[in-house]
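This report describes selected features of one protein model. The sequence and the structure are shown first, and the discussion follows.

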Amino acid sequence: MPLASIDVDTQRSPTPAETALTRRVDLTTLRLFVAVCDEQNLTRAAQREGIAASAVSKRMNDFELAFGVTLFKRLAKGMALTPAGEALLHHARVTLLNVEKIAVELSEYSQGVRGHVRMLANLSAIVQYLPDDLSAFFDAHELLRVDLQERPSGQVVRGIEEGAAEIGICSAEADSRALEVFHYRYDNLVVVMRRDHPLAGRGKLLFTETLDFDHIGLHTASSIYLRSQYAATQAGKTMRLRINVPGFDAVCRMVQANMGLGLIPDRAFAVVGAGMGLRAIPLRDDWGRRELKIVVRDAANLSATGRLMLDYLRAVETDRRGQAGGQLG
């Protein structure tokens with residue numbers, strides 16, 4: 001199968017030599033190449049794919065000879081990618097993902113599903129907003145299917161760039177590079193603590209006021225963790241970090257166990273921490289109010305289902321505000 005990224009002048013037909021080269025790019029070779037990249041070891045890649053190591057080596061060597069490039073630097077303890085290898089890895093992942101999409105979507109059409117969209121979102125969006133938003137979306141479009149994966153904001157951007165999904169939701173502070181950006185929602189950070197903590201009687205808190213106490217941090221790639229570390233550095237202090245945990249529920253559980261303070265969004269606390277007997281005090285710092293944004297590679301080229309989802313997510317905050325206003329009236 002030809003690799004979609006190989007540029008051929010559209011004003012002329014490919015030469016026999018070019019055709020012969022592109023025919024060497026088959027899915028099996030791409031899959032084995034990605035396995036070698038992931039494992040950084042030819043033997044482990046062969047074991048993962050259930051094929052002899054010699055066969056993997058031959059395919060890689062044949063590919064390099066056919067295109068006149070070197071994909072790997074053979075090292076004593078593994079294999080490292082060359083610039084050509086880095087370029088191929090990006091396109092190999094996109095190609096394999098597109099083939100997987102074909103299989104999944106055709107299978108779903110045979111089962112009556114009429115559309116499929118892949119999404120990446122950070123933890124804040126998944127815990128606070130997407131359950132209700134997607135439930136309402138499915139009420140109106142019950143034959144559609146969504147594949148949603150959680151990733152830190154920076155990896156959401158990278159995943160959309162690489163074609164791992166059509167739509168991403170991440171922190172507005174994440175560098176969206178060349179992606180198209182749309183507003184999604186706002187949230188507000190709160191400091192979570194036990195009711196017997198010395199700060200528990202306060203109405204609001206500056207982040208610097210928490211730095212004399214132990215903290216529980218989210219995983220080091222999360223936007224909340226990165227922003228809190230930056231704020232501590234700006235204040236000329238260091239966070240007294242006792243432990244990093246993977247999610248908001250874990251933060252609240254560690255706070256409950258008297259491990260320290262936690263910093264999470266207010267709606268996330270309402271979902272996972274409200275029943276734990278804890279206090280959630282709003283953060284006074286300007287950066288405590290955050291925007292969540294939607295990112296896509298090219299809105300004009302989204303699938304029909306992707307476009308439907310994008311339009312829905314862009315309108316959902318306004319629609320819910322309107323409903324709330326109507327109820328108050």
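Is glutamate 317 buried or exposed? Glutamate 317 is buried, because its relative accessible area is 12% (buried means under 20% relative accessible area, exposed over 50%, and partly exposed in between, with a 1.4 Å probe and protein chains only). The model is predicted, so local features need pLDDT of at least 70 and side-chain atom pairs count only at pLDDT 80 or more, whereas totals for chains, interfaces and linings use all residues. Residues are numbered from 1 along each chain as its sequence is written, and side-chain values use heavy atoms, with hydrogens and water left out.

**Glutamate 317**

Glutamate 317 belongs to helix α12, residues 304–328 (helices, H or I with at least four residues, and strands, E with at least two, are DSSP runs numbered from the N terminus). Apart from neighbours within four places in sequence, glutamate 317 is in contact with His183, Tyr184, Arg185 and Tyr186 (contact means heavy atoms within 4.5 Å). The side chains of glutamate 317 and histidine 183 are also joined by a polar contact of 2.6 Å (a pair of N or O atoms within 3.5 Å; within protein, one must be able to donate a hydrogen and the other to accept it, and residues adjacent in sequence count only if both atoms are side-chain atoms).

**Helix α10**

In helix α10, residues 248–256, the buried residues are Phe248, Val251, Cys252 and Val255. They lie on the same side of α10, because they cover an arc of only 95° around the axis (the arc is that of the directions from the helix axis to the C-beta atoms).

**Residues with positive phi**

Most residues other than glycine have a negative phi. The table lists three residues with a positive value.

| Residue | Phi | Place |
|---|---|---|
| Asparagine 258 | near 70° | follows α10 |
| Glutamine 40 | near 55° | loop between α2 (27–39) and α3 (42–49) |
| Arginine 177 | near 50° | loop between β5 (167–171) and β6 (180–194) |

Glutamine 40 counts as partly exposed because its relative accessibility is 47%. Arginine 177, with a relative accessible area of 46%, is likewise partly exposed.
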